[in-house]
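Visitor: I would like a close look at a single part of this model, the place where its chains meet. Please take me through it with care, and then turn to some local detail.

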Number of protein chains: 2
Amino acid sequence: MPSATLQPSVVTEIPGPKSKAAAQELDAVFDSRAIHFVVDYDKSEGNYIVDVDGNRFLDVYSQIASIPVGYNNKTLIDAAQSPEMVSALVNRPAIGNFPSKSWHNVLQEGLLRVAPEGLDKVFTAQSGSEANELAFKAAFMLYRRKERGEGVDWSAHEISSCLENSKPGSPELAVLSFANSFHGRGFGSLSTTRSKAVHKLDIPSFNWPQAPFPALKYPLEQNAKENEAEEQRCLAEVERLITSWHCPVAALIVEPIQSEGGDNHASAAFFQGLRDLTKKHNVVMIVDEVQTGFGATGKFWGHQHWNLTSPPDIVTFSKKAQTAGYLFGDSMLVPDKAYRQFNTWIGDPARVMMSRAVIREILDKNLVEQTARVGDVLYGELSKLADKYPEQIQNLRGKGQGTYIAFDNKKAAEFVAAMKRLGVNVGTCGVHTVRLRPMLIFDESHIPILLSAMEKVISSL
Amino acid sequence: MPSATLQPSVVTEIPGPKSKAAAQELDAVFDSRAIHFVVDYDKSEGNYIVDVDGNRFLDVYSQIASIPVGYNNKTLIDAAQSPEMVSALVNRPAIGNFPSKSWHNVLQEGLLRVAPEGLDKVFTAQSGSEANELAFKAAFMLYRRKERGEGVDWSAHEISSCLENSKPGSPELAVLSFANSFHGRGFGSLSTTRSKAVHKLDIPSFNWPQAPFPALKYPLEQNAKENEAEEQRCLAEVERLITSWHCPVAALIVEPIQSEGGDNHASAAFFQGLRDLTKKHNVVMIVDEVQTGFGATGKFWGHQHWNLTSPPDIVTFSKKAQTAGYLFGDSMLVPDKAYRQFNTWIGDPARVMMSRAVIREILDKNLVEQTARVGDVLYGELSKLADKYPEQIQNLRGKGQGTYIAFDNKKAAEFVAAMKRLGVNVGTCGVHTVRLRPMLIFDESHIPILLSAMEKVISSL
C-alpha cells in the first residue's frame with residue numbers, strides 16, 4: 001500500500017498562490033467563494049490530495065465524505081477505462097424506456113449486491129437530494145393509493161385539480177424530519193433539512209413537522225439514564241407530531257448519524273422506537289444513508305448497527321456510492337401506474353458502473369471490516385488525546401462506528417484551518433464540530449499522522 | 001456518413017422476445033413497465049438504434065430528445081477514452097470546494113463557448129429538474145435580497161423561522177408557469193409542471209400561479225389575427241397573475257416550445273411580451289431550454305429565434321447537453337453569501353466533459369446549420385403529406401424551427417407503435433401529438449425513410 005509511506009507536505013500558505021489565482025480566474029464564470037484549494041487530481045493518490053501549489057494533504061474530509069476508496073484507485077481506473085464505460089458515457093440512455101442489455105447485470109453486480117436485507121429493489125438517481133425526494137414521492141403515492149383503495153382509479157376531480165396544484169389531486173401530506181437534519185437542497189428535501197439557515201433562508205418550503213433529535217450527553221456511559229430519558233422524550237414528540245399534525249404524515253426521514261447537523265448520534269433503541277412508531281402509524285420509514293452508507297461506520301449501512309425487528313421501508317444513498325438512489329422491498333412502493341416515478345435519465349449508468357467498481361473494491365479488500373478495526377484504534381487514541389486536552393476535544397463521539405468520529409471544539413473553523421497548514425484536510429459540521437471522514441482505505445499507518453497534527457494544533461490554539 | 005446508407009430492419013414483433021424477456025427479468029428489481037425495448041448499444045450507430053432482438057430503428061425519438069450527435073459518435077468516444085475523463089470518473093470532486101485545475105477550461109471550452117449573448121456565468125447540475133430548481137432558488141434569493149436591502153444582514157428571526165419552515169425565513173414566493181408546461185419532477189419544478197396528471201397526482205405542491213399558454217390555430221398564415229389576439233389574452237393573464245397573486249411572483253419559467261405538453265408554439269412577439277412584463281414587474285425570466293437547447297430548433301438555443309430586446313435572466317439546459325445547469329449574466333443572481341447555492345457535487349465533471357465534446361462536434365460539423373436546412377426540407381415534405389392526408393396530419397407545426405416538428409393524430413399512440421413495426425422509433429407528447437426529435441446528425445438521406453414509413457402507417461390506420 002504505497003499511500004502508507006506518504007507523508008503530508010506543505011510548501012506554501014494555504015490556499016497557495018496558484019490555488020488563489022485559479023479560483024479568482026474561475027470566479028468570473030463560476031462561484032468560487034467556497035473553494036478550499038484547487039486540486040491536481042493527477043498527482044493525488046490514495047488518502048492524499050495534492051493541490052496545484054504542490055501541497056500534499058492527508059485527506060480525512062474526502063470531498064465532503066464522498067470519496068470511498070482513494071484517489072486514482074486502480075480498480076476504479078480499470079472500470080473507467082472499460083469498453084462498457086465508454087459506451088455508457090457516449091450512449092446515455094433514457095433508462096426507463098430504452099435500457100441497455102447490461103443494465104440488469106450492472107445493478108445485480110453492483111448496488112443490489114450490497115442491498116440491506118429485505119430491500120431487493122432499486123430506483124437510481126443522481127444525487128442524495130433527488131434520491132430523498134423520489135423516496136418522498138413513493139411514500140406519498142403509496143399513502144394515497146391506500147387511502148383511495150386498491151384498484152380504484154383516479155377521479156376526474158383528482159386529475160384536474162392536481163394540474164392546478166390544488167386538493168384533492170395535490171394533497172396536503174407531510175414528511176417528518178428531525179431538528180438539525182440534512183436531507184438535501186431540492187424544494188422537497190430542503191423542507192426536511194433543518195441544519196442551517198444558509199441552506200434554507202429565502203426558499204419557500206412545505207409546512208412539514210420537525211421533531212427534536214436526541215441531544216445525548218457524553219461520555220455515554222456516565223449519562224445513560226439521562227440519555228434514555230432524552231430519547232424517550234424525542235420519541236414521544238415524534239408520535240405526538242404524527243398523530244396531531246394538520247395533515248397526514250406519510251413518511252419519516254432520519255439519518256443514522258446526523259452528519260451535516262453536527263454528527264449527532266442516537267442509540268439503537270431510539271431507532272427501534274422509530275421503527276415501532278412508523279409501523280404503528282403506517283408511516284413510511286426512510287433512512288437517509290447518503291453520508292453513512294458504504295462502510296464508514298464500520299458496517300456497510302449505518303442502520304445495520306440497530307438490529308431492527310423489521311428493515312426500514314426505504315434506504316437512500318449517494319456520496320461514497322458515487323451514484324444515488326433508493327433501495328426498498330415492498331412492491332407497493334412501486335406506484336400503481338408506469339411513468340409516475342420516472343424522468344428522462346433515471347440516474348446515470350456510467351456512475352452506476354463506477355459504483356459497482358467501488359463495491360467490488362470494498363468487498364474484495366474487506367474495507368468495511370478494515371474501517372471498523374481502524375476506527376476502533378483511532379477512537380481509542382482520540383480518547384487518550386481527549387483526556388489530555390479535555391477543553392479542545394469535547395463530546396468525542398462515534399465509538400464503535402468505524403472512522404465516523406467527531407468531537408466539538410469551540411474554535412472548530414480555526415482548528416481545521418490550522419490542520420490544513422500541517423497537511424491534513426479535515427472538515428467541520430454543525431456549529432463547532434470537527435468531523436473525521438477518512439476514506440475506507442484509511443489504515444493504522446495514517447493514525448499517527450492525523451494525531452500528531454491534531455496535537456500540534458491543539459497545543460497552539 | 002455511413003449512417004446514411006443504413007436502412008431500418010425489423011425482424012421480430014416489437015418488442016421482440018428477447019426484449020420482453022430482458023424487461024421481465026429486470027422488473028423484479030427495477031420498474032420496467034415503461035420499457036419500449038432493450039437496447040444493444042454496441043450495435044447502435046449514428047441515427048440508428050438496435051435492440052437485443054436485432055431490430056434496427058431509425059431513431060427520431062433519441063432517448064426522449066436527449067441524444068445530440070448519434071450513437072457511438074467518434075468524437076464522443078475519443079472524449080470518453082481520454083485520460084482526463086478517466087480522472088473525472090475516478091476522482092469525483094466536490095466541485096465547489098475542491099475543483100480540478102482543469103475545471104475552468106472545461107467550462108470555457110464547453111458550456112460557455114455556446115452560452116447565449118449576455119449570459120456568461122454558469123452553475124452546473126445533473127438534471128433539468130435540478131437546473132430549474134436551482135434557477136428558482138437563485139430567483140428567490142435575489143427577490144429577498146432586494147427586499148431586505150443591499151448589505152442588510154439576515155435577522156435572528158429570519159434565521160430561526162427558516163429552520164421551522166415558517167415566515168419570514170421561509171417566505172411565500174411563487175414561480176409562474178404555463179398550462180401544459182413541463183419543467184421537471186422535483187417538488188419545486190413539479191409545482192411548475194402542468195402537463196399531465198401522471199406527473200403530478202398525489203404529490204404535494206406549492207400554491208403557484210399558472211397562466212394560459214397560447215393555443216395557436218394552424219396553418220398560422222390563415223389565423224394570424226386570431227392567434228395574435230390569443231397571445232395578447234395570455235399576456236394579459238400573465239400580468240394579471242403577477243400583480244394579483246396572493247404572494248410575490250419572483251420568477252416566470254417558460255419553454256420556447258412546450259414539448260412534453262404537446263409541442264405548443266408561440267410567436268417571437270409573445271416571448272418579447274413576456275420579456276417586457278418580467279422587466280416591468282421585476283420578475284426573473286427563466287427560459288427552460290432543457291429540450292429546445294443544443295440546436296434542434298435550427299438555432300443553438302430556442303430563444304434565439306425571438307430577437308429579444310434584452311436576454312432572458314436565466315437559461316436552463318439538460319438533455320442534449322448531456323449534462324445540466326443554468327446560464328446567467330447578472331452577478332446579483334449569485335447569492336450574497338457562499339454555500340447558499342451549493343451541494344456536494346454541483347454537477348458531474350465527467351458529464352460536463354462529454355458536453356464539451358458534444359459542443360465541439362456540433363460546431364465543427366455545423367450541425368445547427370444542418371438541422372435548420374434539413375428541417376426546412378423535412379417540413380416541406382411533411383406539408384405535402386399533410387395536404388394529402390389532412391385527417392392524419394393535423395396542425396403540422398415547427399416551420400422554421402429546424403427538425404423540431406410535430407403534428408396531431410387522433411391515434412398518435414397507435415401511429416408510433418405502427419412506425420416501430422416499420423423500423424422508425426418516434427415519440428408522442430401532449431394528448432395526441434406525434435413529435436419528431438431526430439438527432440442533429442439527421443440529414444436529407446433519412447427524410448425518405450421517415451416519410452415512406454409515415455405514409456405506409458397513415459394509409460393503414
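Guide: What follows describes the contact between the chains and then two local regions of chain B.

The model is predicted, and the values given here are computed from it. The contact draws on 116 residues from chain A and 116 residues from chain B, and the area buried between the two chains comes to about 10500 Å², with 60% of that area given by carbon and sulfur atoms. Of the area that chain A buries against chain B, Phe98(A), Phe187(A) and Asp202(A) supply 8%, which is more than any other three residues.

As for charged and polar pairings, the rule finds ten salt bridges across the interface of chain A and chain B, and one salt bridge joins the side chains of Asp348(B) and Arg351(A), with a distance of 2.7 Å from N to O. Between chain A and chain B, 70 residue pairs are in polar contact, counting those with both residues at pLDDT 80 or more. On the side of chain A that touches chain B, helix H6 (residues 128-148) of chain A gives the most, with seven residues, and by class that side of chain A has 59 nonpolar, 31 polar and 26 charged residues.

Turning to the strands of chain B, we can take strand S8 (residues 314-317) as the point of reference, since its side chains and its neighbours can be described together. From S8 of chain B, Ile314(B) and Thr316(B) point one way while Val315(B) and Phe317(B) point the other way, and all of these are buried. Strand S7 (residues 284-288) of chain B runs parallel to S8(B) and is joined to S8(B) by three bridges, and in this pairing Val287(B) stands opposite Val315(B). Strand S9 (residues 324-328) of chain B, by contrast, runs antiparallel to S8(B), with four bridges between the two, and here Thr316(B) stands opposite Tyr326(B). The hairpin of S8(B) and S9(B) has six residues between the strands, and in this hairpin Lys319(B) takes a positive phi near 45°.

A last local detail concerns Ser161(B), which lies in helix H7 (residues 156-163) of chain B. Ser161(B) counts as buried because its relative accessibility is 3%, where the cut-off for buried is under 20%. Leaving aside residues up to four places away in sequence, Ser161(B) touches Ser166(B), Lys167(B), Pro168(B), Gly169(B) and Ser170(B).

How values were computed. Residues are numbered from 1 along each chain as its sequence is written. Chains are lettered from A and ligands numbered from 1 in the order in which they are written. Side-chain values use heavy atoms; hydrogens and water are left out. Contact means heavy atoms within 4.5 Å. Buried area is the accessible area (1.4 Å probe) that two parts lose on being put together, summed over both. A salt bridge is a side-chain nitrogen of Lys or Arg within 4 Å of a carboxyl oxygen of Asp or Glu. A polar contact is a pair of N or O atoms within 3.5 Å; within protein, one must be able to donate a hydrogen and the other to accept it, and residues adjacent in sequence count only if both atoms are side-chain atoms. Ala, Val, Leu, Ile, Met, Phe, Trp, Tyr, Cys and Pro count as nonpolar, Asp, Glu, Lys and Arg as charged, and the others, Gly among them, as polar. Buried means under 20% relative accessible area, exposed over 50%, partly exposed in between (1.4 Å probe, protein chains only). Two strands pair if DSSP finds at least two bridges between them.
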